[in-house]
Amino acid sequence: MELLQLCSVEWTIGTTIHKHYKGKRMSTAQLVVQHLPYLRRYARALTGSQMAGDAYVAATLETLVSEPETIGPSGNVKVELFQVFTRIWNSLSVNGRSEQIQRDLPAEVRLGQITPLPRQAFLLSCLEGFGEEEVGQILDVDTKTVRELVDEAGRELAADMATDILIIEDEPLIAMDLEALVEGLGHNVTGVARTRTEAVKLASTKQPGLILADIQLADGSSGLDAVNDLLKSFEVPVIFITAYPERFLTGERPEPAFLIAKPFQPANVSAVISQALFFQQSARRREPRAATA
């Protein structure tokens, strides 16, 4: 559906909801329109094509025009909007060729190969930032199932995006757990560093494709400082796993970086690793196009 048509539907839903609630819920109509850019982003990632994604978004809006009561008087408008979209996406093929989308980015090809429900859970959690309970509401599953779906998506993605990972962690048991988790996903651990100096030395021997780093290290040095040293020479995704998240928030940190608080859930680490690698590859593929635009 063309953007002009989509905007027309946006306007229609706003006026229809306004009339349905006799002026009492105009703020809801405005919120629906406000959340549409995020729904379009999610739809594009889910289908692999903005055109196909917009077709599903338009179908969602048309449903809300005919059934304005779908958005409850006291509910979470964004969650309910994504619920309607999910119901439509899981039940029909709007553009008639959803399985033959020409994805132009390798990362999107990989994402499209993930089975549908784990793909939805992964994107809702890692791209759109919904909490586990909200993802469960959108997909109509419990939080345990959400964790399992995100973990499954992470494993499927990791199988196609295996890379070398440097672990910077001073606690031996945690380092062993992380090493086993990383290798279980199909990645290779280039080494485990306990200090800032060891991290720099290991990275100079073999450049990693991703860094997992604690913030407080054995000799009192900082994982943040170690990572900043490394990123002067190369650029890779960084995931900080720490019991001191406040130090991440107040220190000089690289951007973008991901944060996982200790104690961590293995499924969460798996999902964030895949998220970091997936979006880094997407960004790298887009950079040359932006430069030539």
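**Exercise 1. Find the rings under the charge of Lys78.**

Lys78 lies over the face of Phe130, 5.2 Å from the ring centre. A charge counts as sitting over a ring if NZ of Lys or CZ of Arg is within 6 Å of the ring centre and within 35 degrees of the ring normal. Now look at Tyr38: the charged end of Lys78 sits over this ring too, 4.6 Å from its centre.

Before going on, note that this is a predicted model, where local features need pLDDT of at least 70, side-chain atom pairs count only at pLDDT 80 or more, and totals for chains, interfaces and linings use all residues. Residues are numbered from 1 along each chain as its sequence is written, and side-chain values use heavy atoms, with hydrogens and water left out.

**Exercise 2. Describe the aromatic pairs around helix α4.**

Step 1. The whole structure holds 4 aromatic pairs. Rings of Phe, Tyr and Trp (its six-membered ring) pair if their centres lie within 6.5 Å; planes under 30 degrees apart are stacked, over 60 edge-to-face, and the rest tilted.

Step 2. Take Tyr56 and Phe85, an edge-to-face pair with 6.3 Å centre to centre and 65 degrees between the planes. Tyr56 belongs to helix α3 (residues 50-66) and Phe85 to helix α4, 29 residues apart. Helices here are DSSP runs (H or I, at least four residues), as are strands (E, at least two), numbered from the N terminus.

Step 3. Are these two rings buried or exposed? Tyr56 is buried, with a relative accessible area of 1%, and Phe85 is buried, also with 1%. Buried means under 20% relative accessible area, exposed over 50%, and partly exposed in between (1.4 Å probe, protein chains only).

Step 4. Phe82 and Phe130 form another edge-to-face pair, at 5.0 Å and 70 degrees. Phe82 is in helix α4, while Phe130 is in the loop between α6 (116-127) and α7 (132-139), 48 residues apart. Both Phe82 and Phe130 are buried.

Step 5. Put the rings together: Tyr42, Tyr56, Phe82, Phe85 and Phe130 form one aromatic cluster.

**Exercise 3. Locate the largest nonpolar core.**

Step 1. A nonpolar core is a set of buried Ala, Val, Leu, Ile, Met, Phe, Trp, Tyr and Cys residues joined through side-chain atoms within 4.5 Å. The largest one has 59 residues, and Phe85, Leu212, Ile239 and Ile273 have the most contacts inside it.

Step 2. Which helix gives the most to this core? Helix α4 (residues 77-89) does, with 8 residues.

Step 3. A second, separate core of 18 residues includes Ala199, Val227, Val238 and Ala257.
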